[in-house]
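Trainee: Could you show me how to read the sheet, the helix packing and the aromatic pairs of a model, step by step?

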Amino acid sequence: SKVESAKFISICNKFAYKYCVDHSGVGNPKNVLLQYHGVDPKTAFAVISSIKKPTRPLLFNGGSRLVEKKGQKYLIQAARILRDRGYDFEVHIAGPGPLYNDLMDQIKELNLEDRVFIHGDGKGVPFDTVVSYLKTADIIVQPNINLGSGDSDGVPTFVIESALMAKPVVATDAGSITDLIENEITGLIVAQRDPVALAEAVERVLKDSALGVRLGESAKTRAEQMFDLDRNVKELEKLLLE
């Protein structure tokens, strides 16, 4: 009924856009529009300092709730695989959520207490802390999954922020992550629920720093274009004033 009556419907990712169109019962609705939101890369996070750089490569999953669709358990499994392959690194996860205790138990069961850390005791951490880790991180890992209930992310804000900082992103094809992260172009994309593939993608970046730089710079360029604040606000303003 909203598709039939609305002046326009603005949707900020392809996954949700397709879902809306497919379930609207309206053939090819012209008033349903794909329009990304905006981020100002010139001022975002400028006043927040990074943390002290650790001696080991830092993998970061931050600004994400500890819930099933974020897929952190697959990142922890991937960390075990990488450790068993002889890599020295540390994983930092920052976010609130009900799976905190389950994930901590998993870390203990896999004997990863010396390299996988969840900050905030399940209650999350201040935004500045997340940004500080993001600024310092060597690789961003986003292991999201689509749930059978239909719950999934669009383009996670954390992934956009990571791209704007030119960080190499390893992610899954969940939700609308691939709107921004294109495999081998602006990051590395692997199948959902596959810790082996996740570990192998991270391994590639650990072994090839030039690859990480290339992916990060490409992601930054695309994010600045897709999420240009001035342009995207003007497009929305035009629709509102028509």
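Mentor: We will take the sheet, then the helices, and then the aromatic rings, keeping in mind that this is a predicted model.

Trainee: What is the strand order of the open sheet, and which strands are its edge strands?

Mentor: The idea is to list the strands in the order in which they lie beside each other, and then to look for those with a partner on one side only. Here the open sheet has six strands in the order 5-4-3-6-7-8, with parallel pairing. Its edge strands are strand 5, residues 116–119, and strand 8, residues 188–190, each of which pairs on one side only. On average, and with direction ignored, neighbouring strands of this sheet are turned by 20 degrees against each other.

Trainee: How many bridges join strand 7 to strand 8, and which residue stands opposite Val190?

Mentor: Strand 7, residues 169–172, runs parallel to strand 8 and is joined to it by three bridges. Opposite Val190 of strand 8 stands Thr172.

Trainee: Which strands do helix 5 and helix 7 touch where they pack on the sheet?

Mentor: For each helix, one lists the strands in contact and then compares directions. Helix 5, residues 127–136, packs on the sheet by touching strand 3 (58–62), strand 4 (90–94), strand 5 and strand 6 (139–142), and its direction makes about 145 degrees with that of strand 3. Helix 7, residues 195–207, touches strand 3, strand 6, strand 7 and strand 8, with a direction at about 165 degrees to that of strand 8.

Trainee: At what angle do helix 3 and helix 4 pack, and how far apart are their axes?

Mentor: Helix 3 (residues 72–84) and helix 4 (residues 100–109) pack at an angle of about 10 degrees, and their axes are 10 Å apart. Since angles under 35 degrees count as roughly parallel, that is how these two helices are described relative to each other. Helix 3 contributes Gln72, Lys73, Ile76 and Gln77 to the contact, while helix 4 contributes Leu103, Gln106 and Ile107; by class, these residues are three nonpolar, three polar and one charged.

Trainee: How do helix 3 and helix 7 cross, and which residues meet there?

Mentor: Their axes come within 8 Å and cross at roughly 60 degrees, so helix 3 and helix 7 are oblique to each other. The crossing in which helix 3 passes helix 7 is right-handed. From helix 3, Tyr74, Leu75, Gln77, Ala78, Ile81 and Leu82 meet Pro195, Val196, Leu198, Ala199, Val202 and Glu203 of helix 7, a set that divides into ten nonpolar residues, one polar and one charged.

Trainee: What is the angle between helix 7 and helix 8?

Mentor: These two helices pack at about 105 degrees with their axes 5 Å apart, which makes helix 7 roughly perpendicular to helix 8. Arg204, Val205 and Lys207 of helix 7 make the contact with Ser209, Leu211 and Gly212 of helix 8.

Trainee: How many aromatic pairs are there, and what is the geometry of Tyr36 and Phe227?

Mentor: One looks at the distance between ring centres and then at the angle between planes. The count comes to three aromatic pairs, among them Tyr36 and Phe227, which are edge-to-face at 5.5 Å centre to centre with 70 degrees between the planes. Because Tyr36 lies in the loop between strand 2 (32–34) and strand 3, and Phe227 in the loop between helix 8 (209–226) and helix 9 (229–241), the pair ties together parts that are 191 residues apart in sequence.

Methods: Residues are numbered from 1 along each chain as its sequence is written. This is a predicted model: local features need pLDDT of at least 70, side-chain atom pairs count only at pLDDT 80 or more; totals for chains, interfaces and linings use all residues. Side-chain values use heavy atoms; hydrogens and water are left out. Two strands pair if DSSP finds at least two bridges between them. Helices (H or I, at least four residues) and strands (E, at least two) are DSSP runs, numbered from the N terminus. Axes are lines fitted to C-alpha atoms, for helices over the stretch in contact, and angles run from 0 to 180 degrees between N-to-C directions. Contact means heavy atoms within 4.5 Å. Angles under 35 degrees count as roughly parallel, over 145 as roughly antiparallel, 65 to 115 as roughly perpendicular and the rest as oblique. Ala, Val, Leu, Ile, Met, Phe, Trp, Tyr, Cys and Pro count as nonpolar, Asp, Glu, Lys and Arg as charged, and the others, Gly among them, as polar. A crossing is left-handed if the near helix is turned anticlockwise from the far one by less than a right angle, and right-handed if clockwise. Rings of Phe, Tyr and Trp (its six-membered ring) pair if their centres lie within 6.5 Å; planes under 30 degrees apart count as stacked, over 60 as edge-to-face and the rest as tilted.
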